Amino acid sequence: LRACLHTLRILSRDRRALGPMVTDSSLLTLTHLGGINLLQPRQQQDKTQIQDQCDRTQTQIHGKEASGSHEAADSDQRLLQGLWESLKQGIWSGAPPTGQFYKLRLLFLLTALRPELRLQLTFIKYFPLRHTVNILSALPLTCLDVMLAVPVGQASHQYEGVNMDCVHALLLFMDRRLNRGQKLKEKLTPVLSLLTESSRVHRETRHYLRQKILPPLKDVAVRPEQDSTLRGQLVRLMTHVDTDVKDCAAELLFVLCKENVSRFVKYTGYGNAAGLLAARGLLNGRRNSGDGQFASHYSSDSDSDTEEYRQVRSKINLVTGRVEAEQPNPMEGMTEEEKEEEACRLICMINRLSQDQIIQPMGVTRDGRLAPLWGQMRSCTEEKEEEEDEYEEEEQGLSSMPQGLKDKTMK
């Protein structure tokens, strides 16, 4: 039986051999052999049985992809019902994700090729999207191509001829989770991670999501975290108390900016971006998308600015990410001596707070990370003292030399 299934899987790639495989009886036979059956409960299976089921499901997938046939309506409806039950049982039983991946792909094709099946049993309505997210998140990055494999239809969301229905559904799902604001770690982080990884490996997905989440800036009168758009909701999460939620939200926006530091700060504000930049050693802004691990996945397109943004770009406070009202100069009217006294007073206050361990002044190191400021100052002081000691030793050595030898050494 296994040899027959391997043979059918290979033959199904040839359009000329598809005729006998797309009949009602053939599809129902493959469905039954693939363990997709509404009448009989599934038994515990070993690895050999799972591999055989994958072969059967791949044979059906090749038939659907290559033929695009709208025939065999009865078998398609029964197959759709069986796939739903099998996927639901597989999720709760903890079955290996390999077989679920092919069933999920076949379910995509069925709903894409048969509009009436979409109306009867849409993927999002009958198969909880949170389960879909969990399945896709468990797959290798190379398997995420299935999200863009559905043919483009008249009512499809698309970008550059690529179907974006699945990505759009995940985007709406993320939006609903953001609006609910409950159990964000359990319900939101999986879809954030999935969109992040898909954006890394698929240029079309990244561009589509960037249009929806990070459109060109126009209104910079409000802080990014105070905006009511998707961008504002995600930026607010960048300072969330839960580290996982904070990191996932920041990572998605960073990838949509192609891991470019200046672009990331532009859309989020330096204050909100500091956490991710510090964790990655990018606080000094010396590295951009060209240095990242996934740099080869990012195209060289530029970030276009709107006319409204260009007019106020020089007035934007990079820390807050908005145009701030002009503030009076606190040093205005003070003499140089008064300014120096005020600076010394501030240093003494900071020193006292630091000694009482109320605050810990930090500075940016050469590798772009945060470190205690006093430690850096102490290190610099020690280096300076060593240089001064060496200079004094040289001076003492020269003073002890005879005058003739000293003249030659100075020359």
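A residue is called buried when its relative accessible area is under 20%. The structure open in the viewer is a predicted model, and this tour proceeds through it by selections.

**First selection: G34**

Please select G34, which is located in the loop between α2 (24-33) and α3 (47-67). Its relative accessible area is 1%, so G34 is buried. Next, add K103 to the selection. In sequence, G34 and K103 are 69 residues apart, yet their C-alpha atoms are 9.8 Å apart in space.

**Second selection: helix α16**

Move to residues 270-280, which form helix α16. Which residues of this helix are buried? They are N272, A273, L276, L277 and A278. When their surroundings are displayed, the buried residues of α16 are found to pack against three helices and a strand, namely α13 (230-237), α14 (243-256), α15 (261-268) and β6 (370-372). Just after α16 comes G281, a residue with a positive phi of about 70°.

**Third selection: F254 and F264**

Two of the helices that α16 packs against, α14 and α15, may now be examined together. The model contains one aromatic pair. The pair is formed by F254 and F264 in an edge-to-face arrangement, with 5.0 Å from centre to centre and 70° between the planes. F254 belongs to helix α14 and F264 to helix α15, ten residues apart, and the pair is one that links distant parts of the chain. Both of these phenylalanines are buried.

**Fourth selection: K266, D305 and Y309**

Remain in α15 and select K266 together with D305. These two residues form a salt bridge in which the closest N and O atoms are 2.3 Å apart. K266 lies in helix α15, whereas D305 lies in the loop between α16 and α17 (307-312), so that 39 residues of sequence separate the two partners. Are the partners buried or partly exposed? K266 has a relative accessibility of 16% and therefore counts as buried. D305, with a relative accessible area of 21%, is partly exposed. Add Y309 to the view: K266 also lies over the face of Y309, at 4.7 Å from the ring centre.

**Fifth selection: E251 and R200**

The model holds 15 salt bridges, and another of interest begins in helix α14. Select E251 and R200, whose side chains meet in a salt bridge of 2.3 Å, N to O. This bridge links distant parts of the chain, with E251 in helix α14 and R200 in helix α11 (residues 189-201), 51 residues apart. E251 is buried because its relative accessible area is 17%. R200 likewise counts as buried, at 6% relative accessibility. Extend the selection to E197, E259 and R280; together with R200 and E251, these residues are linked in a network of salt bridges.

**Final selection: E342 and R345**

The last stop is helix α18 (residues 336-355), where both E342 and R345 lie, three residues apart, about one turn of the helix. The two residues form a salt bridge, and their closest N and O atoms are 2.4 Å apart. How accessible are E342 and R345? E342 has a relative accessibility of 28% and counts as partly exposed. R345 counts as partly exposed as well, at 44%.

How values were computed
Residues are numbered from 1 along each chain as its sequence is written. This is a predicted model: local features need pLDDT of at least 70, side-chain atom pairs count only at pLDDT 80 or more; totals for chains, interfaces and linings use all residues. Side-chain values use heavy atoms; hydrogens and water are left out. Buried means under 20% relative accessible area, exposed over 50%, partly exposed in between (1.4 Å probe, protein chains only). Helices (H or I, at least four residues) and strands (E, at least two) are DSSP runs, numbered from the N terminus. Contact means heavy atoms within 4.5 Å. Rings of Phe, Tyr and Trp (its six-membered ring) pair if their centres lie within 6.5 Å; planes under 30 degrees apart count as stacked, over 60 as edge-to-face and the rest as tilted. A charge sits over a ring if NZ of Lys or CZ of Arg is within 6 Å of the ring centre and within 35 degrees of the ring normal. A salt bridge is a side-chain nitrogen of Lys or Arg within 4 Å of a carboxyl oxygen of Asp or Glu.
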